[in-house]
Amino acid sequence: MVTSVCVVTTEVDGNRYGFTANSVTSVSMDPPLISVCLAETADVHPAFSQAESVAVSVLAADQSPVATAFATLGVDRFAAASFRPGKLGTPLLDGATVSLEGVVHQRLTAGDHTIILIEVADVEVGAQEPLTYQGRRFHTLKPLEPSALQ
C-alpha cells in the first residue's frame, strides 16, 4: 500500500518532540478530525500522551532526510529541517506539502498503539509534490499523461 509520509510534532513543557508516521487518516468532517497512531514503545509516547496540541506535516518529495531523522533514535530530530511555531504553538515543518495543526480530541488504546484523534484547527497547503512510502522505500508521484487516462 502506498502512503503519505508525515512528521508529527508537539511541544510539552518547552521541549519539542516528533516522529515519522504513515498512519495518518482523515476521520470526520464535522468536527474535522484526523487520527495518528503511535506505538506505546516509542520514545516520544510519554510526551504525546500529555500533549494538548499536535501538528502533522505531510512531507514534500525532497524531504526524505527529515523522515529518516524523525524515525531515528538518539539524534536531534529537529536539526534535520527548519521548523516554526504554528498558531497553536506546535512546531510546523517549513516546506511541507500540507501542514495540519490541532488540539487533541481523544486518545484510544488499540493493541500496542495509541490512536490520537486530533481536531484540526488550521491547515496550510503548499505547492510541493508529496513524498510517498511503499515497500520499505520512499517514492515520489509522477503525474499520468492525459493519454493514460483514456
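**Notebook: strand pairing and salt bridges**

I began at one strand contact and noted that Val-12 has Asn-15, in β3, as its bridge partner. I kept in mind throughout that this is a predicted model. Following the contact outward, I found that strand β2 (residues 6-12) and β3 run antiparallel and are joined by seven bridges.

I then looked up the sheet to which these strands belong, and recorded an open sheet of seven strands in the order β3-β2-β6-β9-β10-β5-β4, with antiparallel pairing. The edge strands are β3 (15-21) and β4 (24-29), each of which pairs on one side only. For the turn between neighbouring strands of this sheet I wrote down an average of 35°, with direction ignored.

Next I turned to the charged side chains. How many salt bridges does the structure hold? I noted four.

I took Asp-43 and Arg-77 as my opening pair, whose side chains meet in a salt bridge at 3.2 Å, N to O. This pair links distant parts of the chain, since Asp-43 sits in the loop between β5 (32-39) and α1 (45-50) and Arg-77 in the loop between α2 (64-70) and β7 (83-85), 34 residues apart. I checked the accessibility of both partners: Asp-43 is partly exposed, with a relative accessible area of 45%, whereas Arg-77 has 9% and is buried, the cut-off for buried being under 20%.

I went on to Asp-94 and Arg-84, whose side chains meet in a salt bridge at 2.9 Å, N to O. Asp-94 lies in the loop between β8 (91-93) and β9 (98-110) and Arg-84 in strand β7, so the pair ties together parts that are ten residues apart in sequence. Asp-94 is partly exposed, with a relative accessible area of 30%, and Arg-84 also counts as partly exposed, at 28% relative accessibility. I added that Arg-84, Asp-94 and Glu-124 are linked in a network of salt bridges.

Which residue forms a salt bridge with Lys-87? I found Asp-122, with the closest N and O atoms 3.3 Å apart. Lys-87 lies in the loop between β7 and β8 and Asp-122 in strand β10 (residues 113-125), so this pair ties together parts that are 35 residues apart in sequence. Is Lys-87 buried or exposed? I recorded Lys-87 as exposed, with a relative accessible area of 69%, while Asp-122 counts as buried at 17% relative accessibility.

Methods:
Residues numbered from 1 in each chain as written. Predicted model: local features only at pLDDT ≥ 70, side-chain atom pairs only at ≥ 80, totals over all residues. Heavy atoms only, no water. Helix = DSSP H or I, 4+ residues; strand = E, 2+ residues; numbered from the N terminus. Buried < 20%, exposed > 50% of the residue type's maximum accessible area, 1.4 Å probe, protein only. Pairing = 2+ DSSP bridges. Axes fitted to C-alpha atoms, helices over the stretch in contact; angles between N-to-C directions.
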